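Subject: Structure handover

Hello,

Here is the structure you are taking over. My notes on it follow below.

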Amino acid sequence: MSRVLTLAIIVIVFSPACRPQREKQETRLAQAVAVITVQKTTVRRTIQLLGTLEGERQVMAMSKVAGRVTEIVRPEGSTVSEGEPIAYVVNDIPGMDYKPGPVLAPVSGTVGKVYVEVGQTVAPTMPVAVVSSFSSTIKARALVSDADLRFVRTGATARVSVSAVPDTVFLGRVSRVTPMVDPLSRSATVELSIPNTARRLVPGMTASIRLLAEEKQDVVALPLGALFTDGFSRVVVIKDRVAHFRDIKTGLVGDSLVEVVTGLEPGEKVATTGKERVRDGETVNPVEVGQ
């Protein structure tokens, strides 16, 4: 009898009906969320390219005779005038004239690259050096994929960075786009013209190019972080500290901003960081941040 009574007491004590009332009520604190104020701005999408700087004129210097390189008189980086020797080649085949013959610069400029070494044998069709002519303007050449080619137009602007000049971003413009796509690389060549009045850029440097592909001005826009990763179709609007899920329609997706075609008006508050933790209709603790 005592054992039955003991079991009955245990059941009553641990029954949900006998638990403290505060355990039945779930208390949810107001979530802190970062919010931005919706406004009109410019949305830009750029294409990242890797290119090489070239002179306005870039010409190969070749030997006129077959023979052995005996001397390089204009090393890489040297200034040379048209018709001056860059290197000397001697034809030392028995019975031939042993007098060294010069490899002449085809244009005035800077010796950008020497492809041979002393003692190396060259042929008349073999490049010995490349001479680049550049002044206040220099070119950059890069490959653009066939998917992005339709967005590249003559006159489009680009921001150009060079590791050798880390303190400056140069502004360039597209001067030419090849009309054909290479079937192997699935890319086309784009050329840019870059002002170089201080002559800080020289041929052969590697350039990181951010080319403007699309731009929309004075449109309602949000940071990409304000949209859910499962799609660009809804946001969390905060009004009077209450979260409201709202469907939107987006347009141009830029590097950091996305255009909102419908669903939002300038001046409304939208959650960014912390939006994944809130529920529709829930009271939140908004913290204003800049866009």
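Among contacts in the protein chain between residues at least 6 apart in sequence, those joining residues at least 24 apart make up 71%. Please keep in mind that this is a predicted model. The chain has 291 residues, and 35% of them count as buried. Its secondary structure consists of 2 helices and 21 strands. About 17,100 Å² of the protein chain is accessible surface, with 54% of that area belonging to carbon and sulfur atoms.

Confidence

The average pLDDT of the protein chain is 86, and 88% of the residues reach at least 70. Two stretches score poorly by that measure. Over residues 4-15 pLDDT stays under 50, and the model has 3 contacts for this stretch beyond four places in sequence. Residues 17-25 also stay under 50, again with 3 contacts beyond four places in sequence.

Strand E14 and its partners

Strand E14 covers residues 187-195. Of its 9 residues, 7 are buried, so the strand is mostly covered. Strand E11 (residues 137-145) pairs with E14 in the antiparallel sense over 9 bridges. In that part of the model, Ser-145 stands opposite Ser-187 of E14. E13 pairs with E14 as well, also antiparallel, over 4 bridges. There, Arg-173 has Ser-193 in E14 as its bridge partner.

Salt bridges

How many salt bridges does the structure hold? The count is 16. I looked at three of them in detail.

The first is between the side chains of Glu-191 and Arg-176, with an N to O distance of 3.0 Å. Glu-191 lies in strand E14 and Arg-176 in strand E13 (residues 165-177), so this pair ties together parts that are 15 residues apart in sequence. Is Glu-191 buried or exposed? Its relative accessibility is 7%, and Glu-191 therefore counts as buried. Arg-176 has a relative accessibility of 39% and counts as partly exposed. Both residues also belong to a network of salt bridges that links Glu-54, Lys-139, Arg-141, Arg-176 and Glu-191.

The second joins Arg-210 and Asp-255, whose closest N and O atoms are 3.9 Å apart. Arg-210 lies in strand E15 (residues 206-223), whereas Asp-255 is in the loop between strand E18 (249-253) and strand E19 (257-262), so the pair ties together parts that are 45 residues apart in sequence. The distance of 3.9 Å still counts because the cut-off for a salt bridge is 4 Å. Arg-210 is partly exposed at 36% relative accessibility, and Asp-255 is partly exposed at 39%.

The third is formed by Glu-259 and Lys-216, with the closest N and O atoms 3.2 Å apart. Glu-259 is in strand E19 and Lys-216 in strand E15, so this salt bridge ties together parts that are 43 residues apart in sequence. Glu-259 counts as buried, with a relative accessibility of 9%. For Lys-216 the relative accessible area is 38%, which means that Lys-216 is partly exposed.

Thr-46

Which residues does Thr-46 touch, not counting residues up to four places away in sequence? They are Arg-210, Leu-211, Leu-212, Ala-213 and Asp-255. Thr-46 is found in strand E2 (residues 39-54) and is buried, with a relative accessible area of 16%. The side chain of Thr-46 makes a polar contact of 2.9 Å with the side chain of Arg-210. A polar contact of 2.5 Å joins the side chain of Thr-46 to that of Asp-255. Arg-210 and Asp-255 are also the two partners in the salt bridge with closest N and O atoms 3.9 Å apart.

An open sheet

One open sheet has 4 strands in the order E3-E10-E8-E5, with antiparallel pairing. Which strands are at its edges? Strand E3 (57-62) and strand E5 (79-80) are the edge strands, each pairing on one side only. E5 pairs with strand E8 (residues 109-114) in the antiparallel sense over 2 bridges. Thr-79 has Thr-110 in E8 as its bridge partner.

Regards

Conventions:
Residues are numbered from 1 along each chain as its sequence is written. This is a predicted model: local features need pLDDT of at least 70, side-chain atom pairs count only at pLDDT 80 or more; totals for chains, interfaces and linings use all residues. Side-chain values use heavy atoms; hydrogens and water are left out. Buried means under 20% relative accessible area, exposed over 50%, partly exposed in between (1.4 Å probe, protein chains only). A polar contact is a pair of N or O atoms within 3.5 Å; within protein, one must be able to donate a hydrogen and the other to accept it, and residues adjacent in sequence count only if both atoms are side-chain atoms. Contact means heavy atoms within 4.5 Å. Two strands pair if DSSP finds at least two bridges between them. pLDDT is the predictor's confidence in each residue, from 0 to 100. Accessible areas come from the Shrake-Rupley method with a 1.4 Å probe; for residues, only the protein chains shown count as cover.
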